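Visitor: I'm new to this one. Could you show me around?

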Amino acid sequence: MNYINKILDSIKAQDQSKLNGWIIDLRFNYGGDMWPMLIALSPFFKDGQLGSFKSSGLNEIWKKSGNKIFIKDDPQNERVYNSAVTYKLKNASIKIAVLINKTTQSAGEATTIALKSVKNVSFFGLRTRGLATSNETIPMDNGDFLILTTAWMYDCHSRKYPQGIEPDYSACNYQELENSLLHWVR
């Protein structure tokens, strides 16, 4: 919950009507639980499908509805945050730059995939790791756990990313990234 509040407080503090754009940095996002990430960034999402988990016989849609983030009909806000996120951006149509690289993986890639549902987003950096999968933890009789990959992540346009997510603007080093962002914001 502190993670979500910290990001929401940062968004609120920086949100101004004359803002030139947002930069969301997902570089070095090694993953974890995707739901706190999506809830924290929910002011950027419109209602609708953000992505899904798909495999043979499985299609679990992630979506924003009202002020909550769902998988299927299960509101994740209640599981990880105990509240809806009601904050609205002052200008939801300004540009958003999302920074990604080869260490953006797993839940970081889920967040990247969800941000593909936002029309005014561009991606900068390097291709992500390619671990855009859903994993299931299976308890074993001896107390160990087996973590099994059970599905691929798909974006809202039904695209999957087995080789990682390519940026719109490739940048191999800090100088190239800075130049791309300055050109983009102008």
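What follows is a short chat about the sheets and a helix.

Guide: This is a predicted model, where local features need pLDDT of at least 70, side-chain atom pairs count only at pLDDT 80 or more, and totals for chains, interfaces and linings use all residues. Residues are numbered from 1 along each chain as its sequence is written, and side-chain values use heavy atoms, with hydrogens and water left out.

Visitor: In the open sheet of 6 strands, which strands stand at the edges?
Guide: Strands here are DSSP runs (E, at least two residues; helices are H or I, at least four), numbered from the N terminus. Two of them pair if DSSP finds at least two bridges between them. The antiparallel order is E5-E4-E3-E2-E9-E8. One side of each edge strand has no neighbour in the sheet, because each has a single partner: these are E5 (74-75) and E8 (133-139).

Visitor: In E9, what is the bridge partner of Gly51?
Guide: Strands E2 (residues 48-55) and E9 (residues 145-155) run antiparallel, joined by 4 bridges. Gly51's partner in E9 is Asp155.

Visitor: How many bridges pair E6 with E7?
Guide: Both belong to an open, parallel sheet ordered E1-E6-E7-E10. Ala97 has Ser122 as its bridge partner in E7. Between E6 (residues 96-100) and E7 (residues 121-125), the parallel pairing has a bridge count of 5.

Visitor: At about what angle does H4 run to E7?
Guide: Angles run from 0 to 180 degrees between N-to-C directions, using axes fitted to C-alpha atoms, for helices over the stretch in contact (heavy atoms within 4.5 Å). Helix H4 (residues 107-115) runs at about 20 degrees to E9. H4 also lies across E1, E6 and E7, and its angle to E7 is about 140 degrees.
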